[in-house]
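Let's take a walk through this structure together, one part at a time. Have the sequence and the 3D view ready.

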Amino acid sequence: MLPSLIGERIQDQLDRSSAISLQQQLYRLLRSLIEDGTLRPSSRLPSTRSLASQIGVSRITAVAAFDMLTADGYLVGNIGSGTFVVERPPTRSAVSAALVIAPDEISLRGRLIMSGASGLQEREGAFLPGVPDVAEFPYSTWQRLQTQYLGKYLSQLSGYANGGGYLPLRRSLADYLRVARGVRCTPDQVLITMGTQQSLDLILRLLTDFNDQVCIENPSHWASALMLKSLGVRSIAVPVDHEGIAMSDEHFAMNPKLVFVTPSHQFPMGSILSTARRERLLQEAERRNFWIVEDDYDSELRYDAAPTPSLQGADRAGRVIYLGTFSKVMYPGLRMSYMVVPPSLSESMVKGLLSLYRPGHLPLQAALADFINDGHLTRHLINVRPLYASRQAELRKCLVEAFGADILLSGGFAGLHLTVRFKDFLDLDLLQAESSRRDVLLRRLSAFNHSAGPFDDGFVLGYGALNKVDISSAVTRFHQAYLYVKSANRR
């Protein structure tokens, strides 16, 4: 298919009244054309600028759709020559066949890891949690910064990474975190990783042994508990309330090796760790010699007040390992995160990072250093904070108007998600299914529960990638599903 015909094929299929964003629709349509063979391998696509102009969308929308297709293995971009369909693009049948694996060929650890992959490929539907609006990211600036390093030979960026990553980026992060988060560190304490999962994996492999105990918040992100199990480390699920993780004397007496916390904005409940509990946690860590892993995953996205200072900044005993990521403030596909480790651990962590992962992507790290130093990250945050704040306020308003006193919403004016629970018993399985039929994606709160005891289930609603004008429609469809389930329960 000629590049000029692709826009004509797509234009009439875009539904501008749909709650599904235009970038998601464009992603689906292009993916379908590739999977059914209409767009042949090695076919050249039109530029994002010309396609956007032809079909009447913003260039950012086209760029975001192309980026998603590239990340999923459908497209490849060549600097100076354009974007092409890969020689062997994925197909629906190939994907299905790849998943048919003889059970006895996969280890018990492998089966455990595979069980945690559910939902990672979800990209479509209202309320997809944990995803920022990538259309708001300044791609043109980011591409320019990358091109200056990718477009020419630079010997210092062409080999394996030295130490904990590209030194100018580590310096930039140390300066940024000192001002933005009150983190006390030198560049030597900063390590660049390919995502928070890699950071956690390194920490667990270097600081725990088989059958050691680690405290985690309950509920909390499922991936941490999964990683603990896969490495033979026992997790202790500690309940969370409105003051954050509720560590008791009994929990401390178990002598955990690590305590995982999200103190600035607990995931998924949204609470902030209280001052008294912060002080107690730091005191016990010093007295009992355990490590605190502080996951500061979205502290930059706070809308009603200045972000709570980092726990690491108050640590005088060197027991806190600080984790940060660019997935929420830039875009998830970047897969760039960082750790700030105590001075006593820096040399060991650098050696472990090099030994296990051979970190790279140095041109990308160099561009990221410029992105921070030139003020683009700060300007991007200034731009998106009011956007996300207005979306959360709109979602709260629409939920209260539709459901009234039937629901309980999580507190906190931050991040990219809310949690909703129902005061009366409801068939949540049926509600989830009925909402899905209405193109509303509901992630169960129980997916983040790590305890066998009673659990007050609900849903995690993401609003980061949902346009404000579409929120009312999405809530209406959610409420329609709710009314259907209530009616079914009375039969």
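In strand E15, Val460 is the bridge partner of Arg443. Keep in mind as we go that this is a predicted model. The pair belongs to a wider link: strand E14 and strand E15 (residues 459-462) run antiparallel and are joined by two bridges. Step back a little and you'll find an open sheet of four strands, with antiparallel pairing and the order E12-E13-E15-E14. E12 (407-409) and E14 (443-444) are its edges; each has a single partner strand, so one side of each has no neighbour in the sheet. Now look for helix H15 (residues 376-403), which packs on this sheet and touches E12, strand E13 (417-422) and E15. The direction of H15 makes about 165 degrees with that of E12.

On to another sheet. This one is open too, with eight strands in the order E4-E11-E10-E9-E8-E5-E6-E7 and mixed pairing. Its edges are E4 (190-193) and E7 (244-245), and since each of them has a single partner strand, one side of each is left without a neighbour in the sheet. The partner of E4 is strand E11 (residues 337-340), paired in the antiparallel sense over four bridges. If you want a spot to zoom in on, try Val190, which stands opposite Val340 in E11.

Helices pack here as well. Helix H9 (residues 196-207) lies across E4, strand E8 (258-261), strand E9 (291-295), strand E10 (320-325) and E11, and runs at about 160 degrees to E10. Helix H13 (residues 343-357) packs on the sheet too, touching E4, E9, E10 and E11, with its direction at about 25 degrees to that of E4.

Next, pick out Glu217 in strand E5 (residues 213-218). Which side chain of opposite charge is nearest to Glu217? That's Arg277, but it is 9.0 Å away, and buried Glu217 has no salt bridge. What Glu217 does have is a polar contact, side chain to side chain, with Thr262 (2.8 Å). Beyond its neighbours within four places in sequence, Glu217 is in contact with several residues, among them Val238, Ile245, Phe260, Gln266 and His450.

Last stop: helix H10 (residues 222-230). Eight of its nine residues are buried, so H10 is largely enclosed by the rest of the structure. The buried ones include Trp222, Leu226, Met227 and Leu228. Just after H10 comes Gly232, which takes a positive phi of about 75 degrees.

How values were computed:
Residues numbered from 1 in each chain as written. Predicted model: local features only at pLDDT ≥ 70, side-chain atom pairs only at ≥ 80, totals over all residues. Heavy atoms only, no water. Pairing = 2+ DSSP bridges. Contact = heavy atoms within 4.5 Å. Axes fitted to C-alpha atoms, helices over the stretch in contact; angles between N-to-C directions. Buried < 20%, exposed > 50% of the residue type's maximum accessible area, 1.4 Å probe, protein only. Lys, Arg positive; Asp, Glu negative; His and termini not counted. Salt bridge = Lys/Arg side-chain N within 4 Å of Asp/Glu carboxyl O. Polar contact = N/O pair within 3.5 Å; in protein donor to acceptor, adjacent residues only side chain to side chain.
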